[in-house]
Amino acid sequence: MAIRVLIADDQEMVRAGFRAIIDAQPDMEVVADAPDGVVAVSEARRLKPDVCLFDIRMPRLDGLEATRTLLAGANGTGPRIVVVTTFDTDEYVYGALRSGATGFLLKDSGPTLLVEAVRAAAGGESLISPSVTVRLLERLTEPVPEGPKASHVLTERELDVVELVARGKTNAEIAETLFVSVSTVKTHLEAVRAKLGVRNRVGIAAWAWEHGVVG
């Protein structure tokens, strides 16, 4: 079954370009595109796409608010949202991920990374432009001054998995590093997500940096 994608951007040329790239993939199809956040939310609720590509700066409702609106109360059942923007700004990146976006991609990343981001999101993984990943987490996650230590919240093996997630490793890479199966990694990640109360692996990575799991 094809990955169903919704594109939201206020520039018609960008929407057309993304549509051409995605529709050219044998396992993807664009089900709708929207010129602003209000239309994007409405169409997403109506069509229930697998993945949404949201620009940040859009009329009426920006990409961050559209993301929060769609995912509020969704409990993991909402669409996967990848923010695709021109602006490599820390506040935007962090705001997008904290709002529940699965990935963050710069528009100049190229077609290959765009397609990879859609596939990653559809598979429950996250893809963030390499230029912002480590910088984002190092600069914008502040240590938690009080509260339980990470070792009191997660098991030793869960902490191993979380550290590798925070370093940007895929499930396959984590499995290879820890000499376990990919399904075991997924089981650990689901347990971690439930314990921490976060939406996705990006939230797990942010928690790891905040709690000193990654130095």
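Colleague: Which residues of H10 are exposed, on the other side of the helix from its buried residues?

Modeller: In this predicted model, the buried residues of H10 are Val-185, His-188, Leu-189, Val-192 and Leu-196. They cover an arc of only 100° around the axis, which puts them on the same side of H10. On the other side of H10, the residues that are exposed are Thr-187 and Ala-194.

Colleague: What covers the buried residues of H10?

Modeller: Helix H10 runs over residues 182-196, and its 15 residues reach 21 Å from the first C-alpha to the last, close to the 21 Å expected at 1.5 Å a residue. Just after H10, Gly-197 takes a positive phi of about 70°. The cover over the buried residues of H10 includes helices H7 (150-153), H8 (156-166), H9 (171-178) and H11 (201-210).

Colleague: Which helix gives the most to the largest nonpolar core?

Modeller: In soluble globular proteins, nonpolar side chains tend to be buried together. Here the largest nonpolar core has 23 residues, and those with the most contacts inside it are Val-162 and Trp-207. At least two residues of this core come from each of H8, H9, H10 and H11. The helix that gives the most, with 6 residues, is H8.

Colleague: Which residues does Trp-207 touch, not counting residues up to four places away in sequence?

Modeller: Trp-207 is, with Val-162, one of the residues with the most contacts inside the largest nonpolar core. Not counting residues up to four places away in sequence, Trp-207 touches Ala-150, Val-153, Leu-154, Leu-159, Val-162, Leu-196 and Val-213.

Colleague: How many residues are in the other core, which lies apart from the largest one?

Modeller: The largest nonpolar core has 23 residues. Apart from it lies another core, whose residues include Val-14, Ile-22, Met-28 and Ala-121, and the number of residues in this other core is 21.

Colleague: Is Ala-175 buried or exposed?

Modeller: Ala-175 is found in helix H9, where, not counting residues up to four places away in sequence, Ala-175 touches Val-180, Ser-181, Val-182 and Val-185. Buried means under 20% relative accessible area. At 5% relative accessibility, Ala-175 therefore counts as buried.

Colleague: At what distance does the side chain of Asp-36 reach the backbone nitrogen of Val-39?

Modeller: Asp-36 is found in the loop between strand S2 (28-34) and helix H2 (37-47), and Asp-36 is buried, with a relative accessible area of 9%. A polar atom of the Asp-36 side chain lies 3.0 Å from the backbone nitrogen of Val-38. For the backbone nitrogen of Val-39, the distance from the side chain of Asp-36 is 2.9 Å.

Colleague: Where does UniProt place the feature "modified residue: 4-aspartylphosphate"?

Modeller: The feature comes from an unreviewed UniProt entry, which places it at Asp-55. In the model, Asp-55 is in the loop between strand S3 (51-54) and H3, and Asp-55 is buried, with a relative accessible area of 4%. Not counting residues up to four places away in sequence, the residues that Asp-55 touches are Ala-8, Asp-9, Asp-10, Gly-63, Val-84, Thr-85 and Lys-107. The residue to which the UniProt entry assigns this feature is thus Asp-55.

Colleague: How does Glu-65 count at 32% relative accessibility, and what is the term for it?

Modeller: Glu-65 has its place in helix H3, residues 63-71. Buried means under 20% relative accessible area and exposed means over 50%. At 32% relative accessibility, Glu-65 therefore counts as partly exposed.

Note on methods
Residues are numbered from 1 along each chain as its sequence is written. This is a predicted model: local features need pLDDT of at least 70, side-chain atom pairs count only at pLDDT 80 or more; totals for chains, interfaces and linings use all residues. Side-chain values use heavy atoms; hydrogens and water are left out. Helices (H or I, at least four residues) and strands (E, at least two) are DSSP runs, numbered from the N terminus. The expected span of a helix is 1.5 Å times one less than its number of residues. Buried means under 20% relative accessible area, exposed over 50%, partly exposed in between (1.4 Å probe, protein chains only). The arc is that of the directions from the helix axis to the C-beta atoms. Contact means heavy atoms within 4.5 Å. A nonpolar core is a set of buried Ala, Val, Leu, Ile, Met, Phe, Trp, Tyr and Cys residues joined through side-chain atoms within 4.5 Å. A polar contact is a pair of N or O atoms within 3.5 Å; within protein, one must be able to donate a hydrogen and the other to accept it, and residues adjacent in sequence count only if both atoms are side-chain atoms. UniProt positions are given in the numbering used here, feature names are shortened, and annotations may be inferred rather than shown by experiment.
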